[in-house]
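The following exercises are to be worked through with the sequence and the coordinates at hand. Each task is followed by a solution in steps.

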Amino acid sequence: MTAPKGQVLLAHGDGGLLTHRLISEVFLPQLGNPVLARLEDAAVLELEGCRLAFTTDSFVVRPLFFPGGDIGRLAVCGTVNDLSMVGARPLYLSAGFLLEEGLDLEVLERVVASMCSAAAEAGVRVVAGDTKVVERGSVDGVFINTAGLGVVPPALRMGPETVRAGDRLLVSGPVGEHALAVVLARGDLEIESTIRSDCAPLNGLVGDIMTQCPGALRFMRDPTRGGLATVACEMAVACGLDFYLLEDGIPLTEEAGALCDLLGLDPLYLANEGKFLAVVDRDQADRVLEICRAHPLGAGAALVGEARSGRGQAYLVTALGGTRRLDLPAGAQFPRIC
């Protein structure tokens with residue numbers, strides 16, 4: 001997709017090809033440094049003997065409330081999960097609110113109550129905040145920015161440089177449910193469904209793996225915007241290895257699969273808010289899978305592929321036995337889903 005010169009498109013925010021161009025052509029040339037250049041979910045910082053993880057994210061989902069979640073729960077879980085993906089123990093969050101003039105205070109109270117509940121579930125505290133109110137039409141009710149701080153175990157070494165050919169790829173559960181829940185909640189499609197967002201804090205599940213199987217996790221990402229395929233592409237590039245995903249092994253609920261067939265969607269590119277894709281040491285992969293399946297948020301986990309020597313590309317081994325290359329999406333299937 002070619003963007004009109006000088007204009008930002010909705011697709012610049014979908015996590016696909018235009019997002020990567022925005023980062024590589026606008027942000028990194030001026031703001032880049034060795035930490036930012038890693039483009040991980042959270043920056044790991046060495047500060048006077050401590051290893052801290054720091055991240056920030058903004059949430060503009062429409063509608064504000066949807067089956068399985070809302071913008072408040074999304075803001076807390078999204079930032080907790082970004083910290084968890086670098087192996088950090090999330091501790092503190094900040095929350096910045098952009099509020100539209102005329103917003104019903106009851107709506108705001110529901111959002112804040114949901115944030116409180118999600119923070120308690122994740123074991124984190126909101127310790128700083130900011131509020132701005134702008135004119136009607138400037139934002140869509142509520143936009144939230146959250147930043148998060150966590151502690152990384154001193155001996156933990158996790159990242160693309162630790163991945164080896166032969167390592168296994170593991171996804172923690174069925175994919176695509178968050179995007180479908182949000183899109184159906186908009187009501188434009190007039191389809192009745194029981195699909196709910198998977199929005200959830202993953203730090204407990206990641207903590208169980210790190211405690212019970214230390215050293216097994218090589219590299220992790222949560223497949224939010226752009227979905228599993230986009231994250232697989234990004235991780236393959238970062239590792240300099242090829243990633244092969246097995247279509248038959250990727251978990252997908254029957255209802256989500258039927259909706260994707262009906263709407264012509266590729267579930268591999270749909271956003272998730274309570275799943276991760278992990279590269280796992282091949283000798284410990286079965287044990288990690290057992291640990292995941294013993295946790296409520298990992299009950300549907302599956303080993304879905306492996307890393308192989310190559311040039312940093314991601315492929316899908318289809319159910320028919322063929323192989324096709326996975327690419328970053330050129331446009332948004334749906335904007336504003338997180």
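**Exercise 1.** Within what distance do the axes of helix 2 and helix 3 come, and at what angle do they cross? Characterise the packing of this pair.

*Solution.* The model is a predicted one.

Step 1. Helix 2 spans residues 71–84 and helix 3 spans residues 105–122; their axes come within 7 Å and cross at roughly 30°.

Step 2. Angles under 35 degrees count as roughly parallel. Helix 2 is therefore roughly parallel to helix 3.

Step 3. The handedness of the crossing of helix 2 and helix 3 is right-handed.

Step 4. Helix 2 contributes Ile 71, Gly 72, Arg 73, Val 76, Cys 77 and Val 80 to the contact, while helix 3 contributes Val 111, Ser 114, Met 115, Ala 118, Ala 119, Glu 121 and Ala 122.

Step 5. Sorted by character, the residues in the contact of helix 2 with helix 3 comprise nine nonpolar, two polar and two charged.

**Exercise 2.** Determine how helix 5 and helix 8 are oriented towards each other, and describe the surroundings of Ile 291.

*Solution.*

Step 1. The axes of helix 5 (residues 203–212) and helix 8 (residues 285–293) come within 10 Å, with a crossing angle of roughly 140°.

Step 2. Only angles over 145 degrees count as roughly antiparallel. Helix 5 and helix 8 are therefore oblique to each other.

Step 3. Their crossing is right-handed.

Step 4. On the side of helix 5, Leu 205, Asp 208, Ile 209 and Gln 212 make the contact; on the side of helix 8, Arg 287, Val 288, Ile 291 and Cys 292 do so.

Step 5. These residues of the contact of helix 5 with helix 8 divide into five nonpolar, one polar and two charged.

Step 6. Ile 291 lies in helix 8. Because its relative accessibility is 4%, Ile 291 counts as buried.

Step 7. With neighbours within four places in sequence left aside, Ile 291 is in contact with Asp 208, Ile 209, Gln 212 and Cys 213.

Step 8. For Leu 245, 46 residues away along the chain, the C-alpha atom is separated from that of Ile 291 by 21 Å.

**Exercise 3.** Establish whether Asp 167 is buried or exposed, and identify the polar contact that its side chain makes with another side chain.

*Solution.*

Step 1. Asp 167 is placed in the loop between strand 7 (142–151) and strand 8 (168–171).

Step 2. Since buried means under 20% relative accessible area, Asp 167, at 2% relative accessibility, counts as buried.

Step 3. The side chain of Asp 167 makes a polar contact with the side chain of Arg 218 at 3.0 Å. A polar atom of the Asp 167 side chain also lies 2.8 Å from the backbone nitrogen of Arg 164.

Step 4. Apart from neighbours within four places in sequence, the residues in contact with Asp 167 include Thr 162, Arg 218, Val 279, Val 280 and Asp 281.

Step 5. Thr 162 lies in the loop between strand 7 and strand 8, and, at 14% relative accessibility, counts as buried.

Step 6. The Thr 162 side chain reaches the backbone oxygen of Arg 218 at 2.9 Å. Beyond residues up to four places away in sequence, Thr 162 touches Arg 157, Asp 167 and Arg 218.

**Exercise 4.** Which peptide bond is cis, with omega near 5°? Examine also the phi angles of Glu 190 and Arg 336.

*Solution.*

Step 1. As background, most residues other than glycine have a negative phi, and most peptide bonds are trans.

Step 2. The peptide bond from Arg 62 to Pro 63 is cis, with omega near 5°. Pro 63 belongs to the loop between strand 2 (50–59) and strand 3 (65–66).

Step 3. Glu 190, although not a glycine, has a positive phi of about 50°. Glu 190 is situated in the loop between helix 4 (177–185) and helix 5, and at 75% relative accessibility it counts as exposed.

Step 4. Arg 336, likewise not a glycine, has a positive phi of about 55°. Arg 336 is found in the segment after strand 14 (323–326), and at 25% relative accessibility it counts as partly exposed.

Conventions
Residues are numbered from 1 along each chain as its sequence is written. This is a predicted model: local features need pLDDT of at least 70, side-chain atom pairs count only at pLDDT 80 or more; totals for chains, interfaces and linings use all residues. Side-chain values use heavy atoms; hydrogens and water are left out. Helices (H or I, at least four residues) and strands (E, at least two) are DSSP runs, numbered from the N terminus. Buried means under 20% relative accessible area, exposed over 50%, partly exposed in between (1.4 Å probe, protein chains only). A polar contact is a pair of N or O atoms within 3.5 Å; within protein, one must be able to donate a hydrogen and the other to accept it, and residues adjacent in sequence count only if both atoms are side-chain atoms. Contact means heavy atoms within 4.5 Å. Axes are lines fitted to C-alpha atoms, for helices over the stretch in contact, and angles run from 0 to 180 degrees between N-to-C directions. Angles under 35 degrees count as roughly parallel, over 145 as roughly antiparallel, 65 to 115 as roughly perpendicular and the rest as oblique. A crossing is left-handed if the near helix is turned anticlockwise from the far one by less than a right angle, and right-handed if clockwise. Ala, Val, Leu, Ile, Met, Phe, Trp, Tyr, Cys and Pro count as nonpolar, Asp, Glu, Lys and Arg as charged, and the others, Gly among them, as polar.
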